[in-house]
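Let's learn to read a helical model by asking how each label is earned. Keep the definitions in mind and check each label against its value.

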Amino acid sequence: MAKKKKSFAATLNEQVSNEFAASQQYVAMAVYYDSETLPRLAAFFYRQAIEEREHAMMMIQYLLDVDEKVEVPDIKSQPTQYEDPITPVKEALAQEERVSSEIFGLFELARQVKDYRAEHFMQWFVKEQVEEVALMGDLLNVVERSKENLLLAEDYIAREGLGEEGADPTAPPPAGGAGG
Ligand SMILES: [Fe+2]
Ligand SMILES: [Fe+2]
């Protein structure tokens with residue numbers, strides 16, 4: 001007999017938790033780079049951390065809008081030490097790939113249960129994950145090419161404004177308003 005599927009709202013609440021966890025993970029990576037005196041890499045991850053928090057807040061706003069229960073998850077501690085400066089970026093890329101499959105799972109679930117509001121809501125996240133995976137892939141290329149001298153990566157990030165994107169007018173509204 002088929003296992004009963006979790007509701008969309010319950011699964012989205014799990015994703016709220018995943019997004020907050022990603023935010024915490026990126027703060028930890030930023031702290032690591034800050035402690036290694038790599039301020040551009042630190043700034044990159046501090047910014048990503050805010051974006052992940054924003055994703056969680058968008059999901060919370062959606063749950064509020066459709067009158068579902070919102071769960072605010074516990075915080076899990078994150079390591080702020082890494083064996084080398086490439087590892088955090090590798091982990092971040094793997095993390096974004098994992099989130100992409102979670103987002104596709106939510107999209108698929110919305111379709112299965114014919115929740116059209118949910119399917120529409122998830123569309124923005126599908127697009128967002130394409131960008132996030134591409135961005136982390138770019139950053140991994142940059143740090144791997146400059147692993148002998150990460151100041152080259154620092155220069156590249158500053159010069160190209162890697163990860164500095166303007167406001168996206170198509171983004172769903174976060175709870176509490178934009179900018180947290
Ligand atoms: Fe996210
Ligand atoms: Fe992300």
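What follows is a set of questions and answers on labels used for this model.

This is a predicted model, in which local features need pLDDT of at least 70, side-chain atom pairs count only at pLDDT 80 or more, and totals for chains, interfaces and linings use all residues. Residues are numbered from 1 along each chain as its sequence is written, and chains are lettered from A and ligands numbered from 1 in the order in which they are written.

Q: What makes Thr37 count as exposed?
A: A residue is exposed if 12 or fewer other C-beta atoms lie within 10 Å of its own, buried if there are 20 or more, and partly exposed in between, with C-beta atoms placed from the backbone. Thr37 has 11 C-beta neighbours inside 10 Å, so it counts as exposed. Thr37 sits in the loop between α1 and α2; helices are DSSP runs of H or I with at least four residues, strands are runs of E with at least two, and both are numbered from the N terminus.

Q: Why does Asp67 count as exposed?
A: Asp67 has 7 C-beta neighbours inside 10 Å, and therefore it is exposed too. Its place is the loop between α2 and α3.

Q: What is the phi of Thr37, and what is that of Asp67?
A: Thr37 has a positive phi of about 55 degrees, and Asp67 has one near 65 degrees. Neither residue is a glycine. Most residues other than glycine have a negative phi.

Q: Why are α1 and α3 called roughly parallel or roughly antiparallel?
A: Axes are lines fitted to C-alpha atoms, for helices over the stretch in contact, and angles run from 0 to 180 degrees between N-to-C directions. Angles under 35 degrees count as roughly parallel, over 145 as roughly antiparallel, 65 to 115 as roughly perpendicular and the rest as oblique. The axes of α1 and α3 come within 11 Å and cross at roughly 170 degrees, so the two helices are roughly antiparallel.

Q: Which label do α3 and α4 earn?
A: Their axes come within 9 Å and cross at roughly 165 degrees. α3 and α4 are therefore roughly antiparallel.

Q: How do you know what length to expect for α4?
A: The expected span is 1.5 Å times one less than the number of residues. Helix α4 (residues 116-145) has 30 residues and reaches 44 Å from its first C-alpha to its last, close to the 44 Å expected. Among the buried residues of α4 are Phe121, Met122 and Phe125.
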